[in-house]
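Trainee: I have a chain to go through with you. Can we start at the surface and then work inward?

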Amino acid sequence: MATMTAGAVRVSASTGSTEAWSRSYSRRVLVTDLLALFWVVFGVQIAWLGLDSNLATNTADLRLSYTGISIVVIAVWMSALALYDTRGHRVIGVGSTEYRLVADSSVRVFGVLAIAAYLLHVDLARGYILIAFPVGILVLLLSRWMWRQWLVAERKRGNYSAKVLLVGSTSSVLHLARELGRSPEAGYRVVGAAVSAGTRGVLPGSAVQSFGGFDDLTEALAETGADTVVITSADDLPPERVRELSWSLEPGRQHLVVAPSLTDIGGPRIHTRPVQGLPLIHVETPTYSGRKLYTKRAFDLVGSTALIIVLSPLLLVLALLVKLTSPGPVFFRQERVGLNGSTFRMIKFRSMVVDAEARLQELSQLDRAEGNDVLFKMKNDPRVTRVGGFMRRYSLDEIPQLFNVLLGEMSLVGPRPPLAAEVARYDSHVHRRFLVKPGMTGLWQVSGRSDLSWEDSVRLDLFYVENWSIIGDLAILTRTIRAVSNSQGAY
């Protein structure tokens with residue numbers, strides 16, 4: 001009976017294994033990739049040349065059909081996407097690696113085609129090439145993005161994810177379980193644990209079920225149906241034991257992951273270098289000067305100038321609404337702490353009554369004050385005017401901060417600019433957020449804003465400080481549009 005039960009568990013687990021769902025997902029993406037390339041390549045051919053057009057080489061009167069050339073281009077392109085593993089389960093769903101591999105493989109196809117045309121003296125129409133490849137890359141990336149939205153939604157429901165068994169000390173298991181729980185879109189669903197203490201049952205303060213100690217790993221894998229073993233700490237696992245564990249896993253179906261004691265480190269800063277069989281992980285220290293800093297400043301200047309010009313009619317309308325609906329000045333200026341702890345006057349549209357600052361102490365004592373341990377926020381704040389409530393809901397009151405960006409006091413993207421009173425309550429490590437300029441938007445704004453706890457706000461701000469990049473800023477700005485339209489956590 002025990003054997004039959006274990007076998008049933010294994011069959012059930014295999015139907016939802018990483019290998020099974022990744023093959024299914026890969027086939028679906030392959031079909032849409034093929035359809036996208038057919039649509040783009042033949043669409044450009046028809047629009048530019050027509051279906052029956054031919055081309056001649058420079059060395060002989062050999063006439064080749066562009067239809068045949070298009071089929072070869074699509075076949076080579078699809079082969080490159082497969083060769084670069086752009087549909088592999090390790091790159092899909094999260095991060096920029098999938099998009100980068102799609103772009104890199106496509107550019108190489110363009111290079112191969114150009115070299116082949118040169119060596120064979122084939123006179124290809126320049127418009128055919130110069131339009132088909134950029135458009136093809138954009139359509140492929142759009143298709144992959146649409147698939148990712150679907151995959152993320154499925155992963156949040158617990159589908160299309162690796163089933164993870166955590167192995168290590170109780171504290172490290174709980175820590176990694178919390179971190180993985182924050183990002184279900186990454187595709188790691190914790191189904192159990194094996195801890196050094198040999199505990200059985202639900203681990204305290206969590207929903208993680210422990211199936212015993214390290215000697216019970218085989219039984220834990222069978223019982224949970226896990227296809228991925230994640231070692232969270234190696235203090236109680238000598239190298240020989242880890243090696244034996246890797247040998248015991250079923251090749252191709254079960255996987256081993258070693259999680260170092262590092263969190264909130266961006267992918268571009270991590271480099272793995274094997275030395276004598278030791279997987280050394282190099283973590284680059286973040287830099288806050290040089291070319292990256294000048295690039296960010298140029299990005300802020302161009303972006304803020306363009307936005308001020310485009311949004312100037314909206315600025316005028318909002319200014320009139322504030323002036324006509326409540327007594328007091330149009331703008332609200334407040335001292336905030338910025339780069340390296342320096343202070344500046346942040347400008348916003350006034351969204352509260354004139355004596356809002358004087359009433360802060362009174363309201364902060366009320367039990368209905370919400371927010372977190374350091375930031376004071378409350379829903380239905382009586383100090384907020386009717387127009388102010390609308391502006392705060394969609395962050396329209398913050399548009400004048402574009403002038404702070406233009407003056408170099410703020411950035412388009414960065415940590416939230418705090419008050420001096422808040423800074424006085426900071427722990428020492430939180431001061432690292434002052435290594436970069438505060439931003440109009442940032443990770444905390446697109447991740448829940450005032451609904452976040454103080455610990456989550458700090459974690460997101462520090463992650464940005466340690467890992468910021470221009471590409472990351474563009475991604476945050478894109479997410480800001482969705483966050484503002486949803487108005488979640490804005491009050």
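Trainee: Is I115 buried or exposed?
Mentor: This is a predicted model, so the values are computed from it. Exposed means over 50% relative accessible area. I115 has 52% relative accessibility, so I115 counts as exposed.

Trainee: Which helix holds I115, and which residues form a nonpolar patch with I115?
Mentor: I115 lies in residues 97-119, which is helix α4. The patch has about 500 Å² of accessible area together. With I115, its members are Y118, L119 and L120.

Trainee: What share of the accessible surface belongs to carbon and sulfur atoms?
Mentor: Take the protein chain as a whole. Its accessible surface comes to about 26,400 Å². The carbon and sulfur share is 61%.

Trainee: Now inward. Which residues have the most contacts inside the largest nonpolar core?
Mentor: That core has 30 residues. The ones with the most contacts inside it are F349, M391 and Y464.

Trainee: Which element gives the largest share of this core?
Mentor: Elements giving two or more residues to this core include β12 (343-349), α11 (386-393) and α14 (454-467). The largest share is five residues. It comes from α9.

Trainee: Which residues does F349 touch, leaving out those up to four places away in sequence?
Mentor: Among them are L315, L318, A319 and V322. F349 also touches V330, F331, F332, L396, D397 and P400. One more partner completes the list: M391.

Trainee: How many residues are in the other core, the one with V109?
Mentor: That core lies apart from the largest one. Its members include I129, A132 and V139. The count is 28 residues.

Note on methods
Residues are numbered from 1 along each chain as its sequence is written. This is a predicted model: local features need pLDDT of at least 70, side-chain atom pairs count only at pLDDT 80 or more; totals for chains, interfaces and linings use all residues. Side-chain values use heavy atoms; hydrogens and water are left out. Accessible areas come from the Shrake-Rupley method with a 1.4 Å probe; for residues, only the protein chains shown count as cover. Patches are made of residues with over 30% relative accessible area and no salt bridge: like charges are joined within 9 Å, nonpolar side chains (Val, Leu, Ile, Met, Phe, Trp, Tyr) within 5 Å. A salt bridge is a side-chain nitrogen of Lys or Arg within 4 Å of a carboxyl oxygen of Asp or Glu. Helices (H or I, at least four residues) and strands (E, at least two) are DSSP runs, numbered from the N terminus. Buried means under 20% relative accessible area, exposed over 50%, partly exposed in between (1.4 Å probe, protein chains only). A nonpolar core is a set of buried Ala, Val, Leu, Ile, Met, Phe, Trp, Tyr and Cys residues joined through side-chain atoms within 4.5 Å. Contact means heavy atoms within 4.5 Å.
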